[in-house]
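Open your viewer and get ready to select a few things one by one. We will go from helices to rings.

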Amino acid sequence: MKNILVLCTGNSCRSQMAHGYLNYFQDSLANVYSAGIETHGLNPGAVSIMNEDGIDITHHTSNHVDEYEEIAWDYIITVCDHAKENCPFIPAPNAERIHHNFFDPSKVQGTEDVKHAAFLKAREEIKEFCSNFVKEELLN
């Protein structure tokens, strides 16, 4: 089993969505973890938009990257520039480090429709990335 860490700033939104999709697209090929350099709790917008696509992330927790010090990572995926630039060094000599700065829907202001559209945009970007990652990295 491969070990995958999805890392974001607060482990509340983008990393949680990626965690959900990585679990969804692969069948027992990897252990998926998500963490942040801070912990902000689950973002209700992320939970809602994932639920609309049939993926329940309500059981996820917001974890700090230090909680996973003992895990030998195969992949470390940063999903925002802030986490990539500010994350403490993670000793993982065999890990492939992948970075993709996804759109941050939690920063969008406006009506509920505007916010929903922002979360939908981010979800679809993350969904496509995770589907491709599983096909290219785990199924080969």
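**Stop one: two helices**

Select helix 1 (residues 14-25) and helix 4: they pack at an angle of about 40°, with their axes 9 Å apart. Helices here are DSSP runs of H or I with at least four residues, and strands are runs of E with at least two, numbered from the N terminus. Axes are lines fitted to C-alpha atoms over the stretch in contact, with angles from 0 to 180 degrees between N-to-C directions. This is a predicted model, where local features need pLDDT of at least 70, side-chain atom pairs count only at pLDDT 80 or more, and totals for chains, interfaces and linings use all residues. Residues are numbered from 1 along each chain as its sequence is written, and side-chain values use heavy atoms, leaving out hydrogens and water.

Now show side chains: R14, M17 and Y21 are among the helix 1 residues that meet helix 4, whose partners include I126, C130 and F133. Contact means heavy atoms within 4.5 Å.

**Stop two: a pair of rings**

Next, select Y75 and F133, an edge-to-face aromatic pair with 5.0 Å centre to centre and 80° between the planes. Rings of Phe, Tyr and Trp (its six-membered ring) pair if their centres lie within 6.5 Å; planes under 30 degrees apart are stacked, over 60 edge-to-face, and the rest tilted. Y75 sits in strand 3 (residues 75-78) and F133 in helix 4 (residues 112-138), 58 residues apart.

Add F102 and F129 to your selection: with Y75 and F133 they form one aromatic cluster.
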